[in-house]
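User: Please take one serine in this chain, look closely at its surroundings, and then work outwards to the rest of the structure. I am in my first year, so I would like each step spelled out.

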Amino acid sequence: MKPYLIFSLLLLWSANVFSQTGQLSGNVKNSNNDILSGATVRLVRLPDSSLVKTSISDESGKFQFSNLGRSAYFLVITATGQKRYFSPKFSIDSVTGSIVLPVIIMQPSQSQSLAEVVVKAKRPLLVQEIDRTVVNVDAMISSATSNTLEVLEKTPGITVGMNGEISLNGRAGVLVLIDGRPTFMSAQDLAAYLKSLPGGLIDRLELMDNPPARYDASGSAVIDIRLKKKRTAGYTGSFSSGYSQGRYGRTNESLNFNFNHRKFNVFANLGYNQEKNYNANRMDRNFYDAAGSLSSMASILNNEILKSKSINLNVGLDLPLSKKTTIGFQANINSGEITGAQSSATASFNRMSQPDSTGMLANNGAGERRNLGTNFNFLQKLNGRGAEFTADFNYNRYRQEREHSILSQVFDKTGNFSSDGQLFYLIPSDIRIYTAKADLIFPIRGKMRLEAGYKSSIVENEHISDNYTVNGNVYLKDNRLSNHFIYKENINAAYVTLQKSYKRFGAQLGLRLENTLADGEQLGNSSVAGSKFSRNYTGLFPVSFISYKLDTLNRNSFNLSFSRRISRPNYQMLNPFLYFRDQFSYTTGNPMLSPQYQSRIELKFQHKQLLTMGLSYNRFTKVIFQTTQAVDNILISKPDNVSSGFMVILNTTLSAGLTKWWTTNTTLRLSALGLNGEVYNEQLNPRANIARLELNNSFDISKTVKAELN
């Protein structure tokens, strides 16, 4: 049976089995008929006046609650400068399943001046939703003194590796979005970019283990970084500055500004980052002959100091053309400079641990980064029941200029000078990205919700690495070590999602279709032969969620989810150029690399916002694995495909206020993982069991002093 027919049958089945529980939506405005965004809307149950859910009105003043049980309710709405609003009583029952409230007009406070502002509550760090975990970054008090990469490192569930690889709940290869848009960067480039964004610019993080079908199928999971974009009427702004001290000092500053008028909204974020980092590592290697006997040994000690400074500007405009039509524009400019000095000391030994030779290497580098991102967006509301059409057009350009100077010296076992060499690299790169997408949201008779959309993206990447041998003041280009690689990728995708729920059951079924066209060309030169490759593949990626509430108050619930995803190799993984790291290490890409696929099923239990437990099984095929081959005591690392792999994860998160002054978010993750395959005619069957404990605590020492311990 064809996948399209199977999916159609699943949609029909879900429509018959599940029916809608209650939904409530409305809009908030002030007495001047201006939109009130950022208003806090609390849904309260009668007769016990217990708080059910809390929502924040969005940029259009809209709020919405879904999956409501049968009961009587009322609303309590608060907003800065406005009187508290109490709504009349209303009921959700078998007849009235969906309610759209008339526009709510809030009245200004009688007092026009504020002598004191008292904060009664604060946003929790973690909020669990059916398909994602929302991290409110403002609740992380150290965000003002951190850059965005460090904020990710301190976020429960996220791990950042030494080279900038980001993992979510034990799964590597995460797709990172900024304001819902992919970055199309390698792990190292993305890490450098995120370091340039001060944490004070972030509003929230959305963590998705099983992203809905409207998101790209790329990556094992999705992290969406949402920047601050306030819509409060009038002028608003904030400034934060932080300083932190390790071996060296670091500063982060951010300025946020917003002006909202009934006709338009203008916002801007400005961030500046300056830091100096130190890194030291030691690697010991043993080499064996074909018989398995130790033949030689090597020891490498690396020390590196990196200095960087960067500035980030994000500006935008939202302009309502009518009550139902809004257009918007957003631009992001990011530039920075980085300098680095790395020194390496190497020592070689024979099988008897006797010195054979020693070496010294100095690698000094500098680089500049200039990034530009633009977005045009369009919103058309189709009716008063929540139907809407949106369209986005994006253009991004990432340009980078880097240079490296490498000086190496080798000494024999007696310490006498043996040889030296000096290399110089010029490494410019240029990436252009064009994307266009359209999405349709359409409630069906208040009983179901249908989403559908289309997206097309084009990526053009040009990477140059020119190598020169240096003799005094003479620089002679070495074509054997030079590289010019061009990579183009076009992805076209379409998706459809259907949501439906009934009493205690709920379902969300989605299917995404993606086609990838890719071309890579190694231009070659007089010493290196040119080469080309092409890829054309299509995949179907289903996503499904089924939920069951154990009680009518939704205090306890189970969620079962399934998804299939893809991890495409980036341009660096496909570039066959051999890059020199140190006297014993080279890295290269693999143009024959295939995408990696993942199928995942998870059962999750949630008790309020207090406890979340998830058990998942992940199956991987064509696993992208970093392999290493020893050739004459030189280690050459390159990515390759391994037949299959698996991962079983038990994830438990506790979010609780232990006292009035102590709040904790504690995560315990137990993982079992392994690979099955063959590399260089050797069987590869590693297994590992991993336990990871993450502790994130905040303390209210006084009304003005807070502390954080991670």
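Analyst:
**A serine and its surroundings**

Leaving aside neighbours within four places in sequence, S296 is in contact with R285, N286, F287, F349, N350, R351 and N633. Please keep in mind that this is a predicted model. The residue itself lies in strand β21, which covers residues 294-320. Is S296 buried or exposed? Its relative accessibility is 11%, and because buried means under 20%, S296 counts as buried.

**The chain as a whole**

That strand belongs to a chain whose secondary structure comes to four helices and 40 strands. The C-alpha atoms fill a box of roughly 90 × 65 × 50 Å, taken along the principal axes. For 710 residues, a compact globule would have a radius of gyration near 27 Å, and the 28 Å of this chain agrees with that value. Buried residues, of which S296 is one, make up 46% of the 710 residues. Among the contacts with a separation of 6 or more, 64% are accounted for by residues 24 or more positions apart. As for the outside, the chain exposes about 35,000 Å², and carbon and sulfur atoms supply 57% of that area.

**The nonpolar cores**

Turning to the interior, the largest nonpolar core has 40 residues, and those with the most contacts inside it are L152, I158, I166, L194, L205, I223 and I225. Helix α3, residues 187-195, contributes the largest share of this core, namely four residues. A second core of 19 residues is separate from it and includes V28, L36, L75 and I99. To see one core residue in detail, consider I158, which touches L152, E153, I166, S167, L168, L207, I223, R692 and E694 when residues up to four places away in sequence are not counted.

**How strands are paired**

Strands of a sheet pair through backbone hydrogen bonds, and they can do so in a parallel or an antiparallel way. One open sheet here is formed by six strands in the order β10-β11-β16-β17-β14-β15, with mixed pairing. Strands β10 (126-128) and β15 (181-182) stand at its edges, and because each has a single partner strand, one side of each is left without a neighbour in the sheet. Within this sheet, β11 (residues 133-136) pairs with β16 in the antiparallel sense over four bridges, and N136 stands opposite R204 in β16.

Further along the chain, strand β31 (residues 556-567) and strand β34 (residues 596-607) are paired in the antiparallel sense over twelve bridges, and the bridge partner of L560 in β34 is L603. Strand β34 is also joined by eleven bridges to strand β35 (residues 611-631), again in an antiparallel run, and here K604 has G614 in β35 as its bridge partner. Three residues lie between β34 and β35, which form a hairpin, and K608 in the turn has a positive phi of about 50 degrees.

**Charged pairs**

Side chains of opposite charge can pair when their charged atoms come close. In this chain the count comes to 24 salt bridges. One of them joins D216 and R512, whose closest N and O atoms are 3.1 Å apart. This pair links distant parts of the chain, since D216 sits in the loop between β16 (202-208) and β17 (222-227), whereas R512 belongs to strand β29 (residues 505-522), 296 residues apart. Both D216 and R512 are buried.

Two other pairs show how the surroundings can be described residue by residue. E368 forms a salt bridge with R370, with 3.5 Å between the closest N and O atoms; E368 counts as partly exposed at 40% relative accessibility, and R370 is partly exposed at 31%. In the salt bridge between D430 and R432, the closest N and O atoms are 3.3 Å apart. D430 counts as buried because its relative accessibility is 14%, while R432, at 26%, is partly exposed. In addition, R214, D392, K437, D439, R449 and E451 are joined into one network by salt bridges that share partners.

Conventions. Residues numbered from 1 in each chain as written. Predicted model: local features only at pLDDT ≥ 70, side-chain atom pairs only at ≥ 80, totals over all residues. Heavy atoms only, no water. Core = buried A, V, L, I, M, F, W, Y, C linked by side-chain atoms within 4.5 Å. Buried < 20%, exposed > 50% of the residue type's maximum accessible area, 1.4 Å probe, protein only. Helix = DSSP H or I, 4+ residues; strand = E, 2+ residues; numbered from the N terminus. Contact = heavy atoms within 4.5 Å. Pairing = 2+ DSSP bridges. Salt bridge = Lys/Arg side-chain N within 4 Å of Asp/Glu carboxyl O. Rg over C-alpha atoms; globule rule 2.2 N^0.38 Å. Areas by Shrake-Rupley, 256 points an atom, 1.4 Å probe, with all protein chains shown as cover.
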